[in-house]
Every structure is written in structure tokens, then in C-alpha cells.
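These are my notes from going through one model, entry by entry. I kept them short and wrote down what I looked up in the order I did it.

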Amino acid sequence: MARFGDEQSSSSAGPPLQSATSQLRMSSLLRQSSTDRPTSCPNLDCWPKDDSIGFPYGYNHPAAPLAAGSFRVSIIFFIANFAESYDLESCRFSGCERFRESCRQAIPPCQWMELREFIITYLHVMLTGHYCSPELKLLRNPARGFLIDNFNTHKRVMKNVSEVDIRFALDVLKLFDWIDMWNVAASPKESSGTVKTIPSDVLESFLRREWAIALLKATEICPKICPTSLWKIADSDNGNYAGALAIIDYLSTSSPQGPFPKTQRTHANCNAQLCIHAFEDTTRVRQLHKCKQKNCKTVDIPIEKLEDHFQNPGPWQPSAWDISQWNSDTSGGQSGVIDSLIVDPNKAYMAVSHVWSDGTGVGQKRQGTVNSCLLDFWISIAKKNSCDGLWWDTICLPVQPGPRRNALNVMLQNFQRAAVLLIHDQDLASSTWVHAVKPQNVAIGLVLSNWFTRGWTAAEFSAASNKIAVVLPNPDPQNPEPFTMRLEDIIFTPGTCSESLPTLAHLQASRILTLNTLQYVERSICDLSEVTFDSLLRVLRPRSTAWEKDRMVIATLMWNNYMKATLDSSLTIPQLTQGLLRSMKAIPRSAIFHGEVPISSYGGWSWCSQSIFDLGKYGYRELHDNTDWPGRLYIGERGVARGLFYARTVTPDDKDSLYPLGSQHPMIYAKIHNALKDHEKCLLLRAADDHIKVAPSLLVMTVGHREYKTPNTNLDEPWKQDISYQYYILCRYIGSVYSIGTEKQPLVGCLLGDDEGQDGKLKSTIDAIYALEKASHF
């Protein structure tokens, strides 16, 4: 059977190439139906019993990589061969027709209509076959591997890809992204599909550039959505611009005015980098009313009890208020009191995660004084969820600096131990577009909400370990009762797979939400199993806080909560950074590329920016940073960083071509130019030996060597260990620069910041060529 071009395939090595014209005829990938009135699906017998089928020619077929010199043709060639291996037919069975109709509502559009129809048939057979025979495996995504191989083996194709080829490649990749993400979501333990980062820097940079351009154009379609939120969605998903683009595509057809058409916020003056609402002074915001009259009485909570509660630092203790004596009547009036804290640590309570700029914070009132309708709103939801206590930072944090600091140091445990975490965003809670009938609308609304942009809410969300509920508009407009929806009913999980197929926008929004909390790791469509340097930055770097120090406090709180440690929030930003990095002990090597003035001028920490959020801003992303030891940077107690780098000496020509990375601070310029006066004592260090013409590098001065003893385990006899002696170069950190690459750069060990003598003075520099010659090469 031939469906690729016009000629019958006869060779076992794969079908011969046809002319480019015939190959671009994207004919059907399905056989003609074998009968007009089938009583069952004839394709079920075609489903493979294992994952050995589907790649009959592999990526090494002599014609596959660059068929007729066209990237577009090579994609068609490969996918046609993949489709041919299944030998599926266009089925007219009524059950298949119903599935195809529902599937067409979810699957992304594609200019290659025949591929879209094949994917729909492929999905139906896979679902039905897997349901009838659970032992059948869900097959991995066939497209990504081919694209990776094509780019890695033939990078010259990058120079000749036409605009038509680019659009076509992105169109096809979007289809396979959808099936890949759905595959993993539907059966995360059985599927071998993956939605991890594409392991190809060339392909990744190419696709990121094209997706970013498309996103730039797409933001003009929905002017009421904050552009900052759109671009930060990509940041919170490891730079996956495709996710933000899928959400924009969905909004452009379902709600061109954005998810919050009645919002009081305007984003006309926001740009891709800054939302003007990010730094609002919440003390000037009036506290929100949930009652229609907007004039209910206030309630005074005896928060002075919290002062005694947190008088001394110590382990976590309950600080939620007992709400068992609070009642509401049908007319909206309140009776009862709140005057005691929960004592029993096992008593169920609800914690509120909210945005102060919505009016749900202290606002213009005295702390402890709140609108009775707002308090009743929280309590009614808490009681519906069988909770006897309420933790709401507006009434649960002390006022005095000392006790308040002690309470903040263990604050995330309030969210971790809560029986229910309640998410409240006023735009989301009042949106006419977001409602419970369509979970995908709720998921998209949540990732575009003001709540999702804040640093504190990110920490609260990540800490939650039990039920998470989101406040939404009540589906019945006549019903004044608060309405909530569980997060597990919003995101696309295995439990919802049997009910309907998700859109790519829903999958992407679900992925973004699950990447920001550890709770759903076991069943989610992400691959995050622990708090790491990368996960902290991915979650917090796109978020904003009213105060710069808060971001470092939040990062340390998240890390300490994971490590079961405590925090001293009175520390400065550099001290918080040092403490966090000491505790982590290792970070990605690429994190050292930044353009900021370091913590100290020499010695330990002289390579480190004052905040972890500046680390790695300009370094190219390394693969497997968190597990591959050559890509790690190990941090000692004194702040000396140990790592492996590709090193070369500085030539006289470099003196005019090196320029600082990122920062324009004159101190950095002066330090670089001063070091280059003795260029023969300088080295340029890179994280990768990729021969890129211009790339981020470290400029260092060599000051000596240190011998390291490293145990080597014998793989054949693991009980035996040999000791190897390796010489590391002691380096004085100068700064991050852009440099021109050269070939044959040795991989050497370096100790950054180990340039201070025992007397506290700077060590003398030595010749860089000698330093390289004596150093151990890895």
C-alpha cells in the first residue's frame, strides 16, 4: 500500500524518493474503507501489541533526513512512513464517526488535513484498544524524535528553511504536542510519551524564536489581556511559548475580550516586561464587600492574642481562628463571635490564598478589623468543606515586628497543613466567561489571573498538600451562595480523560498549573519531583512582589519548607542568597552567567549576584543541569564555587572584542578593562564546547592550583575504590562577558572565588598558559 507520492514501495530499506512535486501532494494517510456498513471498527486488529512498530525505517533512512533538500518534504516523508506502518483505514463505523466528531472540537487545526484525520483515527484505535486490552502500550510521540534528528544531523537546513516550511513545521509540531501531552496526561505511568524540554539547542532556539514572533503578533488580538501575563506564562513553563500561543489561539475565538471582560483593571499601559498593577500600594485599596449593599458592619478580631502566640521563635503552631461560634442567617446578617485560636494541631482549617490589591487584604482598615460580609464569605466556604478554623493572613499575622517575623518564618506551613487551600481572585470570581461548565476556561482564567502573577500566592500554591479549591461565579445567578471548584476538576488529569478530549489550550494551562505545585506530581503532566534551584526560579522569577526582598524571603521559605528548616526573615538579601545557596550545595553551572555586581569584590561569593533571581539570566540553558555532574556548580561554606569549564587563554585580539554580559554598570566595565591589561594571566571559561562564534563566558584571572582527591568507583568491582588526584585552577572572578569561541578548548576544573589568602589579602596572579598546562583535563 502506498500513500506517499504515487509509486508503490518495494524496497525493505524504505520507499524510494519521488520528485518534490509528488511528495508535496499530501494525499490520504488512511486506506479507503473496506466496507460501507461495518458493524465494528476494523482498525482494532491493526493496533500493535508492543511499541516496536511505528518506526519501520527509523531516522537513518538514507532519504529521510533531507529529502530533496526540503525540510517540509522530509517531514511529510517521515510521517507518511509512520502512518503506513499502522495500515489504518478510513472507518465508517457509527461509533468511530461519533468519536471523530467530538475529537474535531478538541484537536488543533492543521493545514495538513489528512494528517489531522489520521491522528483522530489513530487516537480512537489507541483509546478503544487500550480500554479493551489495558496491557497494550500507548506509543510515544513520533514527530519530535524525527525533528530533533533532522536538525542535529543537518544543521545546514537552518540556513535554507523557507517561511512556508517554518509554518508547516510548527503546524505539525502543534498537532503532535497535543497528542503527546494528552498521552502523558491520560496514562502517566504507562505512557512513554514525554513533554520534557526538547534535547536540541538548535531546534529549541529555532522553535522558540518562531513561537515568540507568533506570540508577539497574537497579543494584539486580545488587547484586554495583560501582555506581561502572557509572556510570563512562557517563563513559568520553561520558556515554552507554544503554551501561551495555544491559550491565545483559544481566547481569540472563544473570548476576544479576554477571560475577564468586566475587570476594573486596565492594562493599556502595561507591556511585555512590566504590569503597572504589580506594585500597587495595597494600603490604599478599600476592603472588598461581598454583600450587595456594600455597607455591612465591621468585625474586630482580637489579633493581640497573636502577639503572645508568636512572642518567641519556634516550630509551627496553629494560628487559625476557631469559627465554630460564627453563624450566618438567611438574610445575610451575622451573629456569634471569633475570639479564640485553634489549639488542636489536627483540627481541620481552611487557608485563603488571595491578592491584597483585590481588596481582600487589610487595605485602609486597622489590622484585625474586617468587613463582616467578607469574613462570612470565607467562613461559609470553610464550613461547607467541614473546616472548624480559618487562616487568613489579614487576621492571622501579628502587627509587632518581632512576633510578625516569627510568624512569617513558618507561614508556608499554614498552607501545607491546611485541609483546604482556597484560591480567590476577584476577576476570576466575577468573570462571566469563566464558569464551572467548562473546566478549560477556568484553567485558562486561573493562569491569566492577577493571583497567578504574585510571588506570595506562588509559594502558598506550591506548599498546599491537601484539597485546593478555586472561587468561581455561581452557575445559578439567582443563588447568592459562594461557589467553588476543586483544582483536580479544573486541570486535565487521568480522571477526566474518559469524559472528553482536551484542547491544546486546556492541556497547556493544566501543565502550567501542575508545574507550579508539587501536590499533583504523581499524576500530573509534568516531571517535577522535588524543589530545586531550577524549579524555584521557574516558579518565582515570573512573579512579582511589592518589595524586592520579599522574593528572596519567599524563595528561602519555599526551600526551607521543603528541607524542614526555619528562616530568619530579618536577614538582608545577600545573606538570604548566601544561606540558600549554602543549603542547596549545588546549582546548574549555567547559573553563574550574569551581568550583576557580585556580593563581594574578591574571595568567596565574588562570583555571585546579590539575588538568586539574577543568576543564569544570560547563560545558555544546559541539558540535564540538575542530574549531570559536569553541568553542576558546587558551592562550599566559604562561598567558593567548584565546577568544570571549557577554558582558553585570552589573546590580544580579545581585548577589543570582549564586552560585558547584560549589565551596564561602570564598575563591571572598569573591572574587566583593568584585568585585560594583564591578559596573559586571564582565562575565558565556557559551559559548553560548542564553538559558537559569540557566547556567554566568564573572564577570570588565574592565581594558582589546588589538588583534589576524588574517589573513583570500579564499575566491575564497586566495592573497590581508587583515589585520583586532580589539579583545579584557582580563579579570581572578573565578570561575565560575550566572547568569540575557538576550537580545542580543554575541560578543566576551576575554583571560583578562591583568590583570598589566609591573611585576608589577594593572592598573586600567575601565567594563564602555565595554569592550563598544570591543571587536570577531564
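Entry 1, a helix pair. I looked at how H22 passes H23 and noted a right-handed crossing. The model is a predicted one, so I take the geometry as computed from it. H22 covers residues 533-540 and H23 covers residues 548-563. Their axes are 11 Å apart, and the packing angle is about 135°. That makes H22 oblique to H23, since an angle counts as roughly antiparallel only over 145 degrees.

I then listed the residues that meet. H22 contributes Leu 536, Val 539 and Leu 540. From H23 I have Arg 551, Ile 554, Ala 555, Met 558 and Trp 559. By class, this contact of H22 with H23 has seven nonpolar residues, no polar ones and one charged.

Entry 2, a second helix pair. I asked at what angle the axes of H10 and H21 cross. The value is roughly 135°, and the axes come within 8 Å. H10 runs over residues 241-254 and H21 over residues 504-514. H10 and H21 are therefore oblique to each other. The crossing of H10 past H21 is left-handed.

On the H10 side I wrote down Ala 242, Gly 243, Ala 246, Ile 247 and Tyr 250. They meet Leu 504, Ala 505, Gln 508, Ala 509 and Ile 512 in H21. I sorted the residues of this contact by class and got eight nonpolar, two polar and no charged.

I also checked how far H21 is covered. Of its 11 residues, 11 are buried. Among these buried residues are His 506, Ser 510, Arg 511 and Thr 514.

Entry 3, two buried polar side chains. I started with Arg 686, which is in strand S15, residues 682-686. Is Arg 686 buried or exposed? Its relative accessible area is 2%, so Arg 686 is buried, the cut-off being under 20%. I looked for a partner and found the backbone oxygen of Ser 739, 2.7 Å from a polar atom of the Arg 686 side chain.

Next I took Ser 431, in the loop between helix H16 (426-429) and helix H17 (439-447). Ser 431 has a relative accessible area of 3% and is buried. A polar atom of its side chain lies 3.2 Å from the backbone nitrogen of Trp 433.

Entry 4, Leu 306 and its surroundings. I placed Leu 306 in helix H11, residues 304-309. Its relative accessible area is 0%, which means Leu 306 is buried. Which residues does Leu 306 touch, not counting residues up to four places away in sequence? I listed Ser 319, Trp 321, Leu 341, Ile 395, Cys 396, Leu 397 and Pro 398. I also noted the pair Leu 306 and Ala 407, which are 101 residues apart in sequence and 8.9 Å apart in space, C-alpha to C-alpha.

Entry 5, Ser 340. I found Ser 340 in the loop between strand S4 (334-336) and strand S5 (349-353). It counts as partly exposed because its relative accessibility is 30%. Leaving aside neighbours within four places in sequence, Ser 340 is in contact with Lys 305, Trp 321 and Asp 322. For Ser 340 and Asp 322 I noted a C-alpha to C-alpha distance of 5.8 Å, with their positions 18 residues apart in sequence.

Entry 6, positive phi. I searched for residues other than glycine with a positive phi. Lys 294 has a phi of about 60° and is not a glycine. Lys 294 lies in the loop between H10 and strand S1 (298-300). Ser 386 has a positive phi too, near 60°. Its place is in the loop between helix H12 (372-384) and strand S7 (389-391). The relative accessible area of Ser 386 is 59%, so Ser 386 is exposed.

Entry 7, the whole chain. I counted secondary structure last and have 27 helices and 18 strands for the protein chain. The chain has 778 residues, and 56% of them count as buried. I also looked at contacts between residues at least 6 apart in sequence: 76% of these join residues at least 24 apart.

How values were computed:
Residues are numbered from 1 along each chain as its sequence is written. This is a predicted model: local features need pLDDT of at least 70, side-chain atom pairs count only at pLDDT 80 or more; totals for chains, interfaces and linings use all residues. Side-chain values use heavy atoms; hydrogens and water are left out. Helices (H or I, at least four residues) and strands (E, at least two) are DSSP runs, numbered from the N terminus. Buried means under 20% relative accessible area, exposed over 50%, partly exposed in between (1.4 Å probe, protein chains only). A polar contact is a pair of N or O atoms within 3.5 Å; within protein, one must be able to donate a hydrogen and the other to accept it, and residues adjacent in sequence count only if both atoms are side-chain atoms. Axes are lines fitted to C-alpha atoms, for helices over the stretch in contact, and angles run from 0 to 180 degrees between N-to-C directions. Angles under 35 degrees count as roughly parallel, over 145 as roughly antiparallel, 65 to 115 as roughly perpendicular and the rest as oblique. A crossing is left-handed if the near helix is turned anticlockwise from the far one by less than a right angle, and right-handed if clockwise. Contact means heavy atoms within 4.5 Å. Ala, Val, Leu, Ile, Met, Phe, Trp, Tyr, Cys and Pro count as nonpolar, Asp, Glu, Lys and Arg as charged, and the others, Gly among them, as polar.
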